Amino acid sequence: MAVPESEHLLAESAVTERLGQLPGWERQGEAITKTYSLKGWKSAMAFANKVADAAAAANHHPDIHIERYKTVRIVLTTHVSHGISQADIDLAWTIDAVAAA
């Protein structure tokens, strides 16, 4: 099975450049992560479900952690390429748009 172009490993310089354009997203090893603080449990769960819908539409699935009842931490990595790909960056932009809506 061929790996889609968007899931190929990005060069370190490209990761650094793209992360600089994504406020709040940070590099953690072979992943990027961001934590969102919501109003409470229900809004955190609703946000997590919207992220899940966006991820399903993109066919790229993050780790979604609900922490401290109103905090949602997203972790993006591309397992097939063992690191960060354009698919992670694209989904990060989409998740930020979901959060802003």
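**Exercise 1. The salt bridges**

A search of the whole structure, which is a predicted model, finds three salt bridges. Your task: find which residue forms a salt bridge with Arg27, and which parts of the chain that pair ties together.

*Solution.*
- Step 1. Start at the side chain of Arg27 and look for a carboxyl oxygen within 4 Å. Glu12 provides the partner, with the closest N and O atoms 2.8 Å apart.
- Step 2. Place both residues. Arg27 sits in strand S1 (residues 26–28) and Glu12 in helix H1, so this salt bridge ties together parts that are 15 residues apart in sequence.
- Step 3. Check the surroundings. Arg27 has 35% relative accessibility and therefore counts as partly exposed. Glu12 is partly exposed too, at 48%.

As background, side chains of opposite charge can pair when their charged atoms come close.

**Exercise 2. Lys34 and its partners**

Now turn to Lys34: is this residue buried or exposed, and what does its side chain reach?

*Solution.*
- Step 1. Locate the residue: Lys34 belongs to strand S2 (residues 31–37).
- Step 2. Apply the cut-off, where buried means under 20% relative accessible area. Lys34 comes out at 14%, so it counts as buried.
- Step 3. Look for the charged partner. Lys34 forms a salt bridge with Asp96, and the closest N and O atoms are 2.9 Å apart. Because Lys34 lies in strand S2 and Asp96 in helix H3, the pair ties together parts that are 62 residues apart in sequence. Asp96 is itself buried, at 15% relative accessibility.
- Step 4. Follow the side chain once again: it also reaches the backbone oxygen of Pro23 at 2.9 Å.
- Step 5. Survey the neighbourhood. Beyond four places in sequence, the contacts of Lys34 include Trp25, Val72 and Ile74.

**Exercise 3. The hairpin of S3 and S4**

Describe how strands S3 and S4 are joined, and find the residue between them that takes a positive phi.

*Solution.*
- Step 1. Count the bridges: five of them join S3 to S4, and the two strands run antiparallel. Asp63, for instance, stands opposite Val75 in S4.
- Step 2. Inspect the turn. Three residues lie between the strands, and Arg68 takes a positive phi near 50°.
- Step 3. Move to Tyr69, which is in the loop between strand S3 (63–67) and strand S4 (71–76). Its relative accessibility is 52%, so Tyr69 counts as exposed.
- Step 4. See what surrounds Tyr69 on the surface. Together with Trp41, Ile64 and Ile66, Tyr69 forms a nonpolar patch with about 400 Å² of accessible area.
- Step 5. Add the salt bridge between Arg73 and Glu67, whose closest N and O atoms are 2.9 Å apart. Arg73 is partly exposed, with a relative accessible area of 22%.

**Exercise 4. Where Glu7, Thr78 and Ser85 meet**

Work out what the side chain of Thr78 makes a polar contact with, and how many residues along the chain lie from Glu7 to Ser85.

*Solution.*
- Step 1. Find Thr78 in the loop between S4 and helix H3 (86–100). At 2% relative accessibility, Thr78 counts as buried.
- Step 2. Trace its side chain to the side chain of Ser85, a polar contact of 2.5 Å.
- Step 3. Bring in Glu7, from the segment before helix H1 (12–19). Glu7 is buried, with a relative accessible area of 17%.
- Step 4. Compare sequence with space: Glu7 and Ser85 are 78 residues apart along the chain, yet their C-alpha atoms are separated by 5.1 Å.
- Step 5. Close the loop. Glu7 is in contact with Thr78 and Ser85, among others including His60. Thr78 is in contact with His60 as well.

Terms used:
Residues are numbered from 1 along each chain as its sequence is written. This is a predicted model: local features need pLDDT of at least 70, side-chain atom pairs count only at pLDDT 80 or more; totals for chains, interfaces and linings use all residues. Side-chain values use heavy atoms; hydrogens and water are left out. Helices (H or I, at least four residues) and strands (E, at least two) are DSSP runs, numbered from the N terminus. Buried means under 20% relative accessible area, exposed over 50%, partly exposed in between (1.4 Å probe, protein chains only). A polar contact is a pair of N or O atoms within 3.5 Å; within protein, one must be able to donate a hydrogen and the other to accept it, and residues adjacent in sequence count only if both atoms are side-chain atoms. Contact means heavy atoms within 4.5 Å. Patches are made of residues with over 30% relative accessible area and no salt bridge: like charges are joined within 9 Å, nonpolar side chains (Val, Leu, Ile, Met, Phe, Trp, Tyr) within 5 Å. Accessible areas come from the Shrake-Rupley method with a 1.4 Å probe; for residues, only the protein chains shown count as cover. Two strands pair if DSSP finds at least two bridges between them.
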